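Please open the model in a viewer and keep the selection panel at hand. The tour proceeds by short selections, each followed by a description of what is found there.

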Amino acid sequence: MRPWRPSKKTLVPLLILLGGLLLTVTLIATGKQHQSQPYKKILPIVEVVAVQPRREQLVVHSEGVLEARHPLDLAPEVDGRITWVSPELVAGGRFQEGEPLLRIDPAEYQSAVAQAEARLQKATVEQQYTSDELTRMRQLHSKKLASDTALEQAQRLAVTASAELTLSQALLDDAKRDLTRTSLLAPFDGRVLSEALAENQFVRRGETLAALYQTSVLEVRLPIPQQQLKFLNLPSSDSPALVQFHALYAGITHQFSGRLVRLEAELDRRSNMVYGVAQVLYESLPAELPIGLFVEADIMGREVDNVIRLHRSAMRNSEQVVVVDAEHRLRLPEVSILRLEGDYVLIQGGLTAGTLVSTHAVELAVEGMVVEPVLVSEQLAPAAAPISAESVGGLL
């Protein structure tokens, strides 16, 4: 029997197999040992801000219309024909106190004054005569030289003459007063809202010829929700409530100041609002803003200490915030909300200085959950800037 000898076909695969085993053993023997790395847990990232209590001046927002404080209808107190009209007695015109606005033909009233003066002169002479006659008659009566009837007649004539003198003086006063009323003078410094008159026009007593308004002080009637009154210092002479106004006119936003001087006595049942009345010095208005302009108002209220201002997005369930403690664990404390103010909430209880509060309510927040806090600088709305007494001038 012949010994087994590998053929060429079987020898090549065997050599390849042996070479592979040898290479594997060599790599295992000379390779580095793999060391397992510890598993690092990925924590939720939470953006937080370190809150700091501060002093806040509360602000109540409102809006209204700039109105005249003392509107007045210009109307004559006598009948007559207009002989002269001031060039300023037109819509938008200006006038000063005591300045003549129009004149009515005075001829009729000058005649009435002359007649009243003549009547007074006659009554004066008559009263003097009857007074002297009564004195003489009393002397004669005391000497039994005049009868009782004659004395009574003298007394009656003296009383009648005295009454006529009084009446004549009153008629003269009325005539002079009517004569002065033929010239209509401006009752105050002001402007003309509207007018409806012309020279040579005949006018009647009490007929409205123009609408005027006083320019020293203007008013704005501001609706205030009655729930917001607790944030205000109710207006008084000792503690005025200052107001900052904003108005858009001719494409420009104007700012000016005033003060809340009083609250109206009646609550509007339909809106549950109380109306406050703010006054503005006319001279403080920029660009001479017109009557009837819509304005927005920020009424400066009480100043409150230890208030924390947060964006509304930081609130959870309307009464909680998400806090990260020193161990990076979530806490869900309840806070005391002072008020909501636009996009912000003012908190006055439940948080201390330096507390890390999440800037946004964390979804699926669980008490005690470990997180990775990232401190950010939150851009908060600035506290209301105080208005100085000088900015409202003579109103304070």
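Begin with glutamate 219, which belongs to strand E11 (residues 217-225). The model is predicted. Is glutamate 219 buried or exposed? Its relative accessible area is 13%, under the 20% cut-off, and glutamate 219 is therefore classed as buried. Display the side chain of glutamine 279 as well: a polar contact of 3.5 Å joins it to the side chain of glutamate 219. Beyond the residues within four places in sequence, glutamate 219 is in contact with Val65, Leu66, Glu67, Arg69, Arg262, Val277, Ala278 and Gln279.

**The largest nonpolar core**

Remain in the same region and select Leu222, Val243, Phe245, Phe256, Leu260 and Ile299. These are the residues with the most contacts inside the largest nonpolar core, which has 32 residues. At least two core residues come from each of strand E2 (54-68), E11, strand E12 (241-249), strand E13 (252-268), strand E14 (273-281) and strand E15 (294-311). E15 gives the most, with five residues. Next, centre the view on leucine 222. Not counting residues within four places in sequence, its contacts include Val243, Phe245, Leu260 and Ile299, together with Ser62, Tyr275 and Ala297. Another core, of 19 residues, lies apart from this one; Leu74, Ile104, Phe188 and Ala210 are among its members.

**The four-stranded sheet**

Now select E3, E10, E8 and E5, which form an open antiparallel sheet in that order. Which strands lie at its edges? They are strand E3 (71-74) and strand E5 (94-95), each of which pairs on one side only. Strand E8 (residues 190-195) and strand E10 (residues 210-214) are joined by five bridges in the antiparallel sense. Within this pair, serine 194 stands opposite alanine 211 in E10.

**Proline 76, threonine 182 and a pocket**

Select proline 76, in the loop between E3 and strand E4 (80-85). With a relative accessible area of 2%, proline 76 is buried. Residues up to four places away aside, proline 76 touches Ile104, Leu184, Val203, Arg204, Arg205, Gly206, Glu207 and Leu209. A distance monitor between the C-alpha atoms of proline 76 and leucine 102 should read 9.5 Å, although the two residues are 26 residues apart along the chain.

Proline 76 also helps to line the second largest pocket, as do Leu72, Asp73, Leu74, Arg181 and Pro187, among others. The volume of this pocket is about 160 Å³, and E3 and E7 each supply at least two residues of its lining.

Move to threonine 182, in the loop between helix H3 (148-180) and strand E7 (183-185). Threonine 182 is buried, its relative accessible area being 6%. Apart from neighbours within four places in sequence, threonine 182 is in contact with Val78, Leu102, Arg103, Ile104, Asp105, Pro106 and Tyr109.

**Strand E21 and its partners**

Finally, select strand E21 (residues 344-347). Tyr344 and Leu346 point one way from the strand, Val345 and Ile347 point the other way, and all are buried. In a regular strand, side chains alternate between the two faces of the sheet. E21 runs antiparallel to E15, to which four bridges join it; isoleucine 308 has isoleucine 347 as its bridge partner. Four bridges also join E21 to strand E20 (residues 337-341), again antiparallel, and here arginine 339 is partnered by leucine 346. The hairpin of E20 and E21 has two residues between the strands, and its glycine 342 takes a positive phi near 65°.

Conventions: Residues numbered from 1 in each chain as written. Predicted model: local features only at pLDDT ≥ 70, side-chain atom pairs only at ≥ 80, totals over all residues. Heavy atoms only, no water. Buried < 20%, exposed > 50% of the residue type's maximum accessible area, 1.4 Å probe, protein only. Polar contact = N/O pair within 3.5 Å; in protein donor to acceptor, adjacent residues only side chain to side chain. Contact = heavy atoms within 4.5 Å. Pairing = 2+ DSSP bridges. Core = buried A, V, L, I, M, F, W, Y, C linked by side-chain atoms within 4.5 Å. 1 Å grid on protein atoms, 1.4 Å probe; cavity = no way out; pocket = protein on both sides within 12 Å on 5 of 7 lines; lining within 4 Å. Points joined across faces, edges and corners; volume = space filled by probe spheres on them.
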